[in-house]
Amino acid sequence: MAVKRVDRTEPAQLSREFGWVAALGVILVIAGLVGLVYTGVATLTSMFLFGWLLLIGGVVGLLHAVQARGSSFFWLGVVVAALNIAAGVVVIARPEAAAAALTMFAALLFLTGGVFRLVGSLVVRGPQFGWTLVQGAFGLLLGILVLASWPSSSKYVIGCFFSLALLFDGLGLVATGFGGRKIVGMVAERQETPTGPTEAE
């Protein structure tokens, strides 16, 4: 009679992987907090990242279009790739102007979204009437505030949004990492608890 042995390698590996997830989350949280302090730098950084993503995506799309030059979507792929490459070059060369344009676009989205939510909540008056009304009013107010101080608002709006995204994504990763480590530890402890003797092989 012998107690069944449990392989501890897999739980330890899972725990390490969740630890790396938590560490990445901490890095993103720190980057988000730094970006909220230096919103101007965060705005320029996000613009450069956005420009390089457009440029790289355009080059990859162009290569795919060339590989599929015998298909009927060849010219559409070339046009889309060329537009992405041109937009990426413009954003990288003029990050301030790109930030101003994106800030204007974001403000218009807030305005239109707020108006639609306000009108929809007043017309429909569904079970989420109060919450939808608050969301619409907040979006409308945010759009007005951004437009009222445009173009100076373009120096911090994009960076603020970018930093908040990093912050919340980082918090989510931290929660996932620590929660995963805790669950793995609980499962490992339960597996190590002897459930009774088993026959030796």
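Select helix H2 to begin: its 29 residues reach 42 Å from the first C-alpha to the last, close to the 42 Å expected at 1.5 Å a residue. Here the expected span of a helix is 1.5 Å times one less than its number of residues. Helices (H or I, at least four residues) and strands (E, at least two) are DSSP runs, numbered from the N terminus.

The model is predicted: local features need pLDDT of at least 70 and side-chain atom pairs count only at pLDDT 80 or more, while totals for chains, interfaces and linings use all residues. Residues are numbered from 1 along each chain as its sequence is written, and side-chain values use heavy atoms, with hydrogens and water left out.

**Helix H2**

Keep H2 selected and colour its buried residues, which are Ala42, Thr43, Ser46, Met47, Gly51, Leu54, Leu55, Gly58 and Ala65. Buried means under 20% relative accessible area, exposed over 50%, and partly exposed in between, with a 1.4 Å probe and protein chains only. Centre next on Ser46, a residue of helix H2, which counts as buried at 7% relative accessibility. Leaving aside neighbours within four places in sequence, Ser46 is in contact with Ile158 and Phe162. Contact means heavy atoms within 4.5 Å.

**The whole chain**

Zoom out to the full protein chain. Its secondary structure comes to six helices and zero strands, and the elements run α-α-α-α-α-α from the N terminus on. Of the 201 residues, 25% count as buried. Among the contacts of the chain with a separation of 6 or more, 82% are between residues 24 or more positions apart. Displayed as a surface, the protein chain exposes about 13700 Å², of which carbon and sulfur atoms supply 73%. Accessible areas come from the Shrake-Rupley method with a 1.4 Å probe; for residues, only the protein chains shown count as cover.

**Helix H3**

Select residues 74–93, which form helix H3. The 20 residues of H3 reach 28 Å from the first C-alpha to the last, close to the 28 Å expected at 1.5 Å a residue. Which residues of H3 are buried? They are Phe74, Val78, Ala81, Gly88 and Val91. These residues cover an arc of only 165° around the axis, which puts them on the same side of H3; the arc is that of the directions from the helix axis to the C-beta atoms. Add helix H2 (39–67) and helix H4 (95–124) to the view, since what covers the buried residues of H3 includes both. Then rotate to the face of H3 turned away from its buried side, which carries the exposed residues Trp75, Leu76, Leu83, Val90 and Ala93.

**Helix H4**

Move on to H4. At 1.5 Å a residue, its 30 residues should span 44 Å, and the end C-alpha atoms are 42 Å apart, which agrees. The buried residues of H4 include Pro95, Ala98, Thr103, Leu111, Gly113, Gly114, Leu118 and Ser121. Centre on Gly114 in helix H4, which counts as buried at 0% relative accessibility. What does Gly114 contact, leaving aside its neighbours within four places in sequence? Its partners are Gly136, Gly139 and Leu140. Draw a distance from Gly114 to Gln135, 21 residues apart along the chain: their C-alpha atoms are separated by 7.0 Å. Just after H4, select Arg125, which takes a positive phi of about 55°.

**Helix H1 and the surface patch**

Finally, select Val26, Ile30, Val34, Val37, Tyr38 and Val41, which form a nonpolar patch on the surface with about 570 Å² of accessible area together. Patches are made of residues with over 30% relative accessible area and no salt bridge: like charges are joined within 9 Å, nonpolar side chains (Val, Leu, Ile, Met, Phe, Trp, Tyr) within 5 Å. A salt bridge is a side-chain nitrogen of Lys or Arg within 4 Å of a carboxyl oxygen of Asp or Glu. Helix H1 (residues 9–37) gives the largest share of the patch, four residues. Val34, found in helix H1, is partly exposed, with a relative accessible area of 44%. Leu24 also has its place in helix H1 and is partly exposed, at 45%. The C-alpha atoms of Leu24 and Gly177, 153 residues apart along the chain, are separated by 9.1 Å.
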